[in-house]
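Q: I have a model to read residue by residue. Where do I begin?

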Amino acid sequence: MPVSGLPPYDPSNIFARILRGEIPCRKVHEDEWALAFHDINPQAPVHVLVVPKGQYVSLADFSASASDAEIAGFWRAVGKVAKDLSLEVSGYRVLTNMGVHGHQEVPHFHVHIFGGRSLGRMLPAKD
């Protein structure tokens, strides 16, 4: 179910529960800024989610409210995960969804990293 991507933050969302250790995940990376784990419903051979450890609803919220250190640490974690997954040579896609039109489903900012095959167009051709 799409969400608005706007505050307030819901601490009962699934990613908050994963960050607290209440729900297990197949962890790829963790540092003080981010947690990366395999998506439970992968859309590509490699499909990893990277979530910041702070309580941010969307990229809009994160970019407006996170500290410079949190922003830098998070995006460095995204780059490290892609490198550690050996995606740099063949290429990969980074995607985040915001709000209803972006089909955001979890009210916690997160980035999808897709790779492992040709991913095709970013958006379907116009009707």
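**Reading local features**

A: Start at the N-terminal side: P8 lies in the segment before α1 (14-19). Keep in mind that this model is predicted.

Q: What is the peptide bond from P7 to P8, cis or trans?

A: Read omega. From P7 to P8 it is near 15°, and the bond is cis.

Q: Which sign does phi have in S86, positive or negative?

A: Read the backbone angle, then the location. Phi of S86 is near 60°, a positive value in a residue other than glycine. S86 sits in the loop between α3 and β4 (92-95). S86 counts as exposed because its relative accessibility is 56%, and exposed means over 50%.

Q: What about phi of H103?

A: Phi of H103 is also positive, near 60°, and H103 is not glycine. H103 belongs to the loop between β4 and β5. With a relative accessible area of 53%, H103 is exposed.

Q: Which residues form a nonpolar patch on the surface?

A: L59, W75, Y92 and V94 do, with about 320 Å² of accessible area together. Take W75: its place is in helix α3 (residues 68-84). W75 has 36% relative accessibility, so it counts as partly exposed.

Q: Where does R117 lie, and what is it in contact with beyond its sequence neighbours?

A: Place the residue, then list its partners. R117 follows β5 (111-115), in the segment after that strand. Leaving aside neighbours within four places in sequence, R117 contacts Q43, A44 and P45. A polar atom of the R117 side chain lies 3.0 Å from the backbone oxygen of Q43. The C-alpha atoms of R117 and Y92 are separated by 8.4 Å, though the residues are 25 apart along the chain. R117 counts as partly exposed, at 45% relative accessibility.

Methods. Residues numbered from 1 in each chain as written. Predicted model: local features only at pLDDT ≥ 70, side-chain atom pairs only at ≥ 80, totals over all residues. Heavy atoms only, no water. Helix = DSSP H or I, 4+ residues; strand = E, 2+ residues; numbered from the N terminus. Buried < 20%, exposed > 50% of the residue type's maximum accessible area, 1.4 Å probe, protein only. Contact = heavy atoms within 4.5 Å. Polar contact = N/O pair within 3.5 Å; in protein donor to acceptor, adjacent residues only side chain to side chain. Patch = residues over 30% accessible without salt bridge, like charges linked within 9 Å, V, L, I, M, F, W, Y side chains within 5 Å. Areas by Shrake-Rupley, 256 points an atom, 1.4 Å probe, with all protein chains shown as cover. Salt bridge = Lys/Arg side-chain N within 4 Å of Asp/Glu carboxyl O.
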